[in-house]
Amino acid sequence: MSKSIVFFSTVLVFLFSFSYATPGIATFYTSYTPCYRGTQEGVMIAAASDTLWDNGRVCGKMFTVKCSGPRNAVPHPCTGKSVKVKIVDHCPSGCASTLDLSREAFAQIANPVAGIINIDYFPA
């Protein structure tokens, strides 16, 4: 019984957190310029658009991201999973997305063939 209560509570927290998520757009990229110096950040990383960058204050912050639907003709790109990413870069002005994810992070939440997707995100 206690395991089912813990499971149910976990599901409610997950659903509740995405109900307060911010909608946005995600793309992916393969090279980045880290806003940190001298540290390797792994592959679950992202670049923030001007909207999020806030003069670099978002650098190092973690976000949970989930695909919410297609932005182009690729049908059903979402995997149904979410991913936690660390902001390590600034997406250049004119960036087409809110978050420019690493290819590995993008592939966890959507088919990379889509290239661009709608997302929901919130601070992790």
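The following paragraphs describe the overall fold, the disulfides and one buried acidic residue of a predicted model.

In this predicted model, the secondary structure of the protein comprises three helices and six strands, and these elements succeed one another along the sequence in the pattern α-β-β-α-β-β-β-α-β. Of the 124 residues in the protein, 37% are buried. The accessible surface amounts to about 7,200 Å², and carbon and sulfur atoms account for 60% of this area. When contacts between residues at least 6 apart in sequence are considered, 79% of them join residues that are at least 24 apart.

Two disulfides were identified in the model, and they are described here in turn. One of the disulfides joins Cys67 to Cys78, with an S to S distance of 2.0 Å. Cys67 lies in strand E3, which spans residues 62-70, whereas Cys78 is found in the loop between E3 and strand E4 (82-90), so that the pair ties together parts of the protein that are 11 residues apart in sequence. The torsion about the S-S bond of Cys67 and Cys78 is about -55 degrees, and the disulfide is therefore left-handed. With regard to solvent accessibility, Cys67 has a relative accessible area of 7% and is buried, while Cys78, at 29% relative accessibility, counts as partly exposed.

The other disulfide joins Cys91 to Cys95, and its S to S distance is 1.8 Å. The torsion about the S-S bond in this link is 75 degrees, and the link of Cys91 and Cys95 is right-handed. Cys91 counts as buried at 2% relative accessibility, whereas Cys95, at 25% relative accessibility, counts as partly exposed. Because buried residues are those under 20% relative accessible area, the value of 25% places Cys95 outside the buried class.

Strand E4, which spans residues 82-90, also contains Asp89. The relative accessible area of Asp89 is 11%, and this residue is accordingly classed as buried. When residues up to four places away in sequence are not counted, Asp89 touches Tyr29, Tyr32, Thr33 and Cys35, together with Ala46, Ala47, Ala48 and Trp53. The surroundings of Asp89 thus include two tyrosines, Tyr29 and Tyr32, as well as the alanines Ala46, Ala47 and Ala48.

Terms used: Residues numbered from 1 in each chain as written. Predicted model: local features only at pLDDT ≥ 70, side-chain atom pairs only at ≥ 80, totals over all residues. Heavy atoms only, no water. Helix = DSSP H or I, 4+ residues; strand = E, 2+ residues; numbered from the N terminus. Buried < 20%, exposed > 50% of the residue type's maximum accessible area, 1.4 Å probe, protein only. Contact = heavy atoms within 4.5 Å. Areas by Shrake-Rupley, 256 points an atom, 1.4 Å probe, with all protein chains shown as cover. Disulfide = S-S within 2.5 Å.
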